[in-house]
Number of protein chains: 2
Amino acid sequence: MKKFRKAFAAIETLAAQTEWSDAVTLVRPEHAGARGFWPEGFRAAGVYAGIKNKRRDVAVIVSDRPASAAAVFTKNLCAAAPVDVSKNHLDCSPATMRAIVCNSGNANAATGQKGLEDARSMAAKTAAVLSLQPEEILVASTGVIGVPLPADKIIDALDDVPEQLQQGSCFDAAEAIMTTDTFPKFFALDVSLSTGTVRISGIAKGSGMICPDMATMLSFLVTDAAVEPAFLQSMLNSATARSFNAITVDGDTSTNDMVAVMAGGHGPEITPGSVDAETFYTALLELMTFLAKLIVIDGEGATKLVEIRVHGASDDRDAEAAARTVANSNLVKTAIHGEDANWGRIIGALGRSGARFEQEDLAVSFDDLTILRPGFISDFSEEEAAGILSKTSYTITISLGNGPGTAVMWTCDLSKEYVDINGSYRT
Amino acid sequence: MKKFRKAFAAIETLAAQTEWSDAVTLVRPEHAGARGFWPEGFRAAGVYAGIKNKRRDVAVIVSDRPASAAAVFTKNLCAAAPVDVSKNHLDCSPATMRAIVCNSGNANAATGQKGLEDARSMAAKTAAVLSLQPEEILVASTGVIGVPLPADKIIDALDDVPEQLQQGSCFDAAEAIMTTDTFPKFFALDVSLSTGTVRISGIAKGSGMICPDMATMLSFLVTDAAVEPAFLQSMLNSATARSFNAITVDGDTSTNDMVAVMAGGHGPEITPGSVDAETFYTALLELMTFLAKLIVIDGEGATKLVEIRVHGASDDRDAEAAARTVANSNLVKTAIHGEDANWGRIIGALGRSGARFEQEDLAVSFDDLTILRPGFISDFSEEEAAGILSKTSYTITISLGNGPGTAVMWTCDLSKEYVDINGSYRT
């Protein structure tokens, strides 16, 4: 399983580079198999519907009891049918859910009334095989836009779910939500609270169309903590802004984005305002940021993960505009790919970002190497710069002046492989 | 001269595809050589400063008398030094100019106080060799950002200008403003007015960083018409919005963009509100649109020129947002490159454009072939679509509904060559 070896390597490398809070214990990636990945009360399966080749393409994650649920969705005006259906279900249940069902290979977007019926059928059949109500199911899809969903194939495949559900492993489910991802994305951690330990586990998919406001990315998170739905939603909103909405691959935002979390409640309770709540939120943010970075690392054709840090902006909004414009600039991204210390392109992007600053105040560093000091003084060692730019992961720090505004984003390079992958995706 | 042969071919092909107004007579590209390109009263030169390899890299266009002048500049907050200097000169002269000087190979951007002094020196030396005042000179630069301008080389090279000035040919000047352009861009036309004929001639450069709000594009236009500066500026503003600001290659906006026009006044007078003014404006717009399309055709790595037409929007602003988002989407542009009728990506881009519409109202055509009808009905012939997508130039028409808003933009595909060109531009 080459793709799992690749996942293990990417996860181990990134985990070693990441600063984790003290309360967190990492679940080793090899434990994502049979030895136990999901928190108590959750099981998952990945089955074959035959939408695309011979690959698992339908994932289901089930809670053994009604779980608090929260989700954030794409803001794309052409949101896909499953997004509409999931929003409805979250509204009509009192924000408790029992399962998530997701297919890959077809986005069920731009599919009109039939698309809505198909998404509802997916929920109904999932409910039927698990003896649940349709409104207790969140539905998601990812893949090509504008092609009718082969709903019959999915409906048939869902029959296999009950016998395939696994307590421990996330492998099949993580694989079943992949599109052009080259490896499945998953991670779990245990969090020490004052009243015991909770686990948070998540899977994600990304690859193309990854941009702030999420793009074609999906992530499903579950925890055994007991959390009220409203509080869970507020934590999810904050953490999404700082993780999945702070990454970009190509500036495109998809029709199908969704991040959902279910809290089953077998473990300790988390109440708003408590120290435990802060510890839990920090761990949730760390896990989501970790999964977000895995998406960037596996961006279509990506070979580098670059952190863009902006400080000294007039306010956070300006800092974010600056970071986002730099992170999305094709010219910056090709320079990153070419390992070219072309800081002028960063300046060009900053200038059109809408952020307010004085040109003469700008400063830029690559890791610890100062590339540009205020007054446009640039006298760095090209050799040292080349050493940093040749790494697979580094940080570009930008100072806009002396203001309080800060932002962090993660981006990747733009390579010829991106063009290859996207030039013939549909065919 | 391979690059001139390429220019002739591109110009002839595009000219044949273009609808021209009745009053316009095209100047054949071969006449851009010694046989006469510039209007009466103008001469131009392109000389060698040695900024980049052995290529002409400094262009000068001179009027034999004070000419009405107008210009539009980049809105990038990090505007280059020559932009500042040119703005100042336009402000302090009563909007009359005698010459434009432009170097390629170095943008003189992000160069601080020294950059300003260098841009002023360029103007002063140009004035000196032509016996003019520095405030009568517009200064422009294009090339790498953040590297000090080799001003001495340019100052020295300007000594050669007086003896190189040519009445007829634009070849040297058009070549001297090229950066990654693969061919020089120039075109001229004669316009029949009630009181005689005027000529409008222009050169341009583009290639990368081409985006609405102009990106690294320069265009210098001259005419023998007699036009008041304020009226010239207002015509330039309108025509720029519909030509150079309606093209995109990669969504990046540069620090150095500038479109300038000089009207020398040897020919008939154009007064606001007259029929001649309308005829003249239409011809100016046609010439600028033509040069803008040449820039897209020669976009870095571009192999296709695609017109994006949006109608039925709530207003023109929505239409423009929709057209621009589609035109800039890397996913749409790679699909265009891959000749893949992936209309779902167009839908995805429309949905995140900010334009208001109902999903079910969307319609999309490639040339005359309907790809998507309202209600997400899509039953086109893949074979016919493939026939259109294999062409080097076609139109994508998008209807958002029944509103009055319309917009037109021109874009190109995103190819692997773009990554090649931009991965190692600086080195």
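In this predicted model, A:Cys412 counts as buried, because its relative accessibility is 0%. A second cysteine, B:Cys170, is likewise given a relative accessible area of 0% and is therefore buried. The closest cysteine sulfur to that of B:Cys170 belongs to B:Cys102 and lies 14 Å away, which is too far for a bond, because a disulfide needs the two sulfur atoms within 2.5 Å. Over all chains, the count of disulfides comes to 0.

We turn next to helix packing. Two packed helices are described by the angle between their axes and the distance between the axes. In chain A, helix α9 (residues 316-328) and helix α11 (residues 343-351) have axes that come within 8 Å and cross at roughly 130°. That angle lies between 115 and 145 degrees, so α9(A) and α11(A) are oblique to each other. Their crossing is right-handed. On the α9(A) side the contact is made by A:Ala322, A:Thr325 and A:Val326, and on the α11(A) side by A:Ile346, A:Ala349 and A:Leu350. Sorted by class, this contact of α9(A) with α11(A) holds 5 nonpolar residues, 1 polar residue and no charged residues.

Chain B has its own helix α9 (residues 316-328) and helix α11 (residues 343-351), which pack at an angle of about 130° with their axes 8 Å apart. The pair α9(B) and α11(B) is therefore oblique, and the crossing is right-handed. Here B:Ala322, B:Thr325 and B:Val326 in α9(B) meet B:Ile346, B:Ala349 and B:Leu350 in α11(B). The class count for the contact of α9(B) with α11(B) is 5 nonpolar, 1 polar and no charged residues.

Another packed pair in chain B brings together helix α1 (residues 2-17) and helix α8 (residues 275-297), at an angle of about 125° and with axes 11 Å apart. By the angle between them, α1(B) and α8(B) are therefore oblique to each other. The crossing of α1(B) and α8(B) is right-handed. The residues B:Ala10, B:Ile11, B:Leu14 and B:Ala15 in α1(B) meet B:Phe290, B:Lys293, B:Leu294 and B:Ile297 in α8(B). By class, the contact of α1(B) with α8(B) divides into 7 nonpolar residues, no polar residues and 1 charged residue.

Backbone angles come next. Most residues other than glycine have a negative phi, and most peptide bonds are trans. Against that background, A:Ser131 may catch the eye: its phi is near 55°, a positive value in a residue other than glycine. A:Ser131 sits in the loop that runs between α3 (112-130) and β5 (137-144) of chain A. With a relative accessible area of 67%, above the 50% cut-off, A:Ser131 is exposed. A positive phi, near 55°, is also found at A:Glu339, again a residue other than glycine. A:Glu339 has its place in the loop between α10 (330-337) and α11 of chain A. The relative accessible area of A:Glu339 is 36%, so this residue is partly exposed.

Two residues of chain B round off the picture. B:Leu193 is placed in strand β6 (residues 185-193) of chain B. At 10% relative accessibility, below the 20% cut-off, B:Leu193 counts as buried. Leaving aside residues up to four places away in sequence, B:Leu193 touches B:Val198, B:Pro268, B:Ile270, B:Asp276, B:Thr279 and B:Phe280. B:Asn402, on the other hand, is found in the loop between β14 (393-399) and β15 (405-412) of chain B. Because its relative accessibility is 82%, B:Asn402 counts as exposed. The C-alpha atoms of B:Leu193 and B:Asn402 are separated by 38 Å, with their positions 209 residues apart along the chain. For B:Asn402 and B:Ser314, which are 88 residues apart along the chain, the C-alpha separation is 7.7 Å.

Conventions
Residues numbered from 1 in each chain as written. Chains lettered and ligands numbered in written order. Predicted model: local features only at pLDDT ≥ 70, side-chain atom pairs only at ≥ 80, totals over all residues. Heavy atoms only, no water. Axes fitted to C-alpha atoms, helices over the stretch in contact; angles between N-to-C directions. Helix = DSSP H or I, 4+ residues; strand = E, 2+ residues; numbered from the N terminus. Parallel < 35°, antiparallel > 145°, perpendicular 65-115°, else oblique. Left-handed = near helix turned anticlockwise from the far one by under 90°. Contact = heavy atoms within 4.5 Å. Nonpolar A, V, L, I, M, F, W, Y, C, P; charged D, E, K, R; others polar. Buried < 20%, exposed > 50% of the residue type's maximum accessible area, 1.4 Å probe, protein only.
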